[in-house]
Amino acid sequence: MEKLNSNLIPLRTDFTEKKDRICIFGTGDFGRSLGLKMLQSGYSVIYGSRNPNAVSMVPKGVEVLNHAEAAQKCSVIFLAMHRNHYSFLAELSDVLQGKILVDVSNNLKINQYPESNAEYLASILPGAKVVKAFNTVSAWALQSGTLDASRQVFVCSNDNIAKHFVMDIVRGTGLTPQDRGSLLAARDVENYPLQLFPMWRLPMYICAGLTVFVFLYCVMTMVVYTAIYEKKDVSYYILVTIPNKVFPIVSLMLLALVYLPGVFAAIIQLHRGTKYSRFPNFLDQWMLCRKQLGLVALAYAFLHAIYTLVIPIRYSVSFRRNNGIIEQIKSNNTRPFLYSSTWRSDTYLAFGILGFFFYILLGITSLPSVSNTVNWREFRFVQSKLGYLTLLLCTAHAMVYGWDRFLIFSRFKWYLPPAYTLALIIPCIVLIFKFILITPCIDQRITQIRQGWERMSKTQKDTHLQNDNLAI
Amino acid sequence: MEKLNSNLIPLRTDFTEKKDRICIFGTGDFGRSLGLKMLQSGYSVIYGSRNPNAVSMVPKGVEVLNHAEAAQKCSVIFLAMHRNHYSFLAELSDVLQGKILVDVSNNLKINQYPESNAEYLASILPGAKVVKAFNTVSAWALQSGTLDASRQVFVCSNDNIAKHFVMDIVRGTGLTPQDRGSLLAARDVENYPLQLFPMWRLPMYICAGLTVFVFLYCVMTMVVYTAIYEKKDVSYYILVTIPNKVFPIVSLMLLALVYLPGVFAAIIQLHRGTKYSRFPNFLDQWMLCRKQLGLVALAYAFLHAIYTLVIPIRYSVSFRRNNGIIEQIKSNNTRPFLYSSTWRSDTYLAFGILGFFFYILLGITSLPSVSNTVNWREFRFVQSKLGYLTLLLCTAHAMVYGWDRFLIFSRFKWYLPPAYTLALIIPCIVLIFKFILITPCIDQRITQIRQGWERMSKTQKDTHLQNDNLAI
Amino acid sequence: MEKLNSNLIPLRTDFTEKKDRICIFGTGDFGRSLGLKMLQSGYSVIYGSRNPNAVSMVPKGVEVLNHAEAAQKCSVIFLAMHRNHYSFLAELSDVLQGKILVDVSNNLKINQYPESNAEYLASILPGAKVVKAFNTVSAWALQSGTLDASRQVFVCSNDNIAKHFVMDIVRGTGLTPQDRGSLLAARDVENYPLQLFPMWRLPMYICAGLTVFVFLYCVMTMVVYTAIYEKKDVSYYILVTIPNKVFPIVSLMLLALVYLPGVFAAIIQLHRGTKYSRFPNFLDQWMLCRKQLGLVALAYAFLHAIYTLVIPIRYSVSFRRNNGIIEQIKSNNTRPFLYSSTWRSDTYLAFGILGFFFYILLGITSLPSVSNTVNWREFRFVQSKLGYLTLLLCTAHAMVYGWDRFLIFSRFKWYLPPAYTLALIIPCIVLIFKFILITPCIDQRITQIRQGWERMSKTQKDTHLQNDNLAI
């Protein structure tokens, strides 16, 4: 034990005299890690415990007293204990009167209790200044010191002075406090560390479903069909050739799905004649995950780009190319230069490259630090104008790439059209509706609705006209 | 109407009891959207109107009173009305005494009025606590709830307590308040949502001008010349071949234009012998848009990279390559391996790749969140040292690529040099001047000037020497 | 002099009347630049000097008084002077009583003095409100106005009102204040502008060392060996071929080095049976620079990707390919299609592309603005789960690429194994240990330890069991 604790001496002893004394209730894992961190940051630490003499696992250099004594010596008390122990604090309400109580607790589930732990604590001890903080940092993170992740600590309290006091302690430990306002924010602050990409779940399911479907479609029409009818083993297609069909197809579908809810919303608003009504729930959900859908689409587009650029390096491709030349020479049959092929090849490459470029531009502008520097007008310009341009370019890319193949039924396998046609269905629907929606007469009506105009029955109209003169 | 309003019930009724009552003056679009948002966030909302009985368009669950009654019941009043209606508020000055007035108004033009709306309001109602907020969020954004853009709300006020009160309301609606200080900032806060990429305009014009010029130059020398003198149709060049000349040429020009004003500034300072004098206006403008110029240059370099990597996939390229092999075999004339070609090809590729790599590094460090984590010393190291290294590598890339072609006058078309020489003019000027400026004797003088040294006439010198002894 | 000063008139004179008067002690470079900036931002400026009549180098439009007179007229005084002149301010302690003193000073070295300049100043003038600010902005940056770097100004003070007053001045000059808490932060704020990528030094040394070693290894086995034994000059390899071996090899080594310290830490904790002991110093250092190591690894992987994609464009490659075809035809010996080669080629390309994709994903999530939006659970999911997936994919990529070459001793040059085997040593060690560590029995123990469990001797155990019942 002695040997162990010799490692626990504070890192910067020269600071000790300058900083305050803090108290920690609870000698569990988080309590100990927090105490060690505070010691290392130059604070002197007093632990509060029911049975101070029996406590042996605390960092060296700290005092251990009973709760009341410990609380009396400090103005700030960290409560490193579970919510269900809070009730016993009521006994200490005299001692804790006017003290700053820092609630560092977390729950096991999102919205586990009707009110947040910090608000519950404040209701038990109305005389204390409750501050919610440090719950977003794990004991392991405090301990390991290698804080390469977020250094942000959310702080909220109904008492401004107490809040700023705790924010200074946060800064003293090398972390960055973020003011989240009053204790009303405590619920969100307590839920925050329990989340695991909640916004990404739906887009991920959609993406996984589409990916599996298109992959199987391609395997059926390209590998299985060839194996059965042409007796040729092209199973190696599943490594590069088929992924390079799946990624662009799903990417284009997802990009179209980003803009489809906007089209739906406009149609619903046109039909209802007002914007002051809530959308169906699925549409709300869908609109909220558009950014994530777009980013998955971008990731797939990126993979498609690299898979395409890698083509000339592939063994099977260069083998086939070399064989083609050898056969041309043997048969003494030089193929003519086809202008139409040149135009087609260069056109879809140009569309693809420009589409990919705007795709990436959209991705960059959705980085939090970039989107925070643009205002709403600019953001909508980028996401709407550039977004539709991207969709248009990528759809054109797929169309020119496919050319007339979707018409040659003789090449259909099992009556299934070529895979690229799958990719074009949703984008074409979105683009056609968008073209209709931006025709002047309809566009004008939507603009009116979004500026607050409402279509009304005759009787309502009269009232409204009357109001217009009065409305301030 | 009943059906409509049934959609307007608050989302989280369980919160209602906890939060404050807020008042909104104005039942226009923004007023209604704001009221709905506040209801959904758990506030109880009272509208103030001239004729409360005639108002029918407000969300369900709110009270509508006349202005004075509504104001009396709340401590916070949102003014969702136009500036030109503010004057009538003077009548209510007694009721509004000590209240927090939130000015959410925007103007139609930048700097439309001599003072900001918020300052104007404060001058009309000196007894009220005016806070500017929420103007950067549109009614549509409040309404749709899909705030994938900036969630930032700029808040400024001369009254700190009122400001923090409003900042808590902002947090309560799920937005992020940003403290912008006193009401002096109101003008900037009001101008902010009206901007549409003001810093990007000049760089975009420069870029568009150069792009069109270089494109036409290439079309003339490559397509039109070939059509006239060689009777060959290579119009398909305009899709990939010519863009892949235009993008790198303009990119290199723009990159050089990023560093040219710094060279100018140094020469002006050397000539004037002081840094305490303002630069000509065009130079100030130019220096302010260097970052944007650099980012456009990076975008073009990125396009150049993809256009280049796509070369082996192009139909025309692979056709020409295959034909070359077939002709070699038919003529039985094997070409020898040229060491000089290997060195040249690998050298310009290596220069190009490394240049592109540093280009991207510069781009990443100019992301707001990255440049905020570096200090000035680090930023200047990256942007100046790495920037010039990038310029040097890209210029070398273009030179080795072009090799001796600019000397072979027989290949000039219409006496016009090959396009790549256009790209080299500005970079070479910048690099030559930079090499002169970093020679020890000149560099030392510039460093002195930038540290505050000034060249003076004889009489001034005497005074200054005297001052030096006294200066604190 | 007259001509010079005519350039110094404020930019926005219309604002002058609205803003406060500030005082600057010191007419050196920073004092003058600051004064000019304040004038341009609409403040009226009074300089304090020992000999006001002799001062001639200040911007036009300012007053120059002696120190006491100047201080009396303003509530805010900027001290643009060196720390060693602070002692004379003690004479003015009566006049400076209650004034806000802004310490803008910097030192020449990190931790030059035992306490920070601002704390030293506060100890000399206990009656003044000392605020540390503006030291992170250079005179040149203030002057040039082209603040494309960080606009952040760190502000700290023990007096909250004074701090917010200065933060408003910072905003008034177009910069962004950042509250760093009390004067305890002054030391860090003063050290900040002196740093030059301190966290990057160790990763850079490691990376440079590995790069040079692998480069020389490749030059020896590929260029020198060929020159000596096969009498062939392939020195042009050093431009593209060898870099394209060095970059992936070093990248994979560095990526493994990112995860090696985590494995070490787990083993140490398992061995010691506790997490409450400090790691050896080198391990702490290593863990702190993991992010930087990973970013360098990503940069090298990026270069490897471009160098690889550029292969088909290289002269030497296309020459060799064409020659191969011509020889096949001449010898009338068509090579067969090898399924194994196809599978191998496509497999390592697929592994490489997916590995690169996750590499980039890791890079994006380590951008400050992105990592700030994820909580610890999410960050650890990405960095640990995705990180190991990336390492696994890249290791598999290298293994399939190398295939059985490391077994063919006849192709070893000077008994040296092929270069790619170097890359595989550390990743394989890391992956093997990781596989052992995630076996259920060991993983459970590590999880226990990281949750605070400690292995104890018999006597300790008894005490601890007792404690467990009491621990709150």
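Contact here means that heavy atoms lie within 4.5 Å, and on this basis only 9% of the interface residues of chain C are also interface residues in chain B, so the copies meet through different surfaces. The structure is a predicted model, in which local features need pLDDT of at least 70 and side-chain atom pairs count only at pLDDT 80 or more, whereas totals for chains, interfaces and linings use all residues. Residues are numbered from 1 along each chain as its sequence is written, chains are lettered from A in the order in which they are written, and side-chain values use heavy atoms, with hydrogens and water left out.

When copies are superposed by least squares on the C-alpha atoms of residues with pLDDT of at least 70 in both, chain C is brought onto chain B by a rotation of 120° with 0.0 Å of shift along the axis, at an RMSD of 0.1 Å. The two copies are thus related as by a three-fold rotation axis, to which C:Ser369 comes closest of the residues of chain C, at 3.2 Å (C-alpha).

Between chains A and B, helix 13 (residues 315-330) of each chain packs against its counterpart at an angle of about 45°, with the axes 10 Å apart; helices are DSSP runs (H or I, at least four residues) numbered from the N terminus, and axes are lines fitted to C-alpha atoms over the stretch in contact, with angles running from 0 to 180 degrees between N-to-C directions. In this contact, A:Arg321, A:Ile325, A:Gln328 and A:Ile329 meet B:Arg321, B:Asn322, B:Ile325, B:Ile326 and B:Ile329.

Key
Helices (H or I, at least four residues) and strands (E, at least two) are DSSP runs, numbered from the N terminus.
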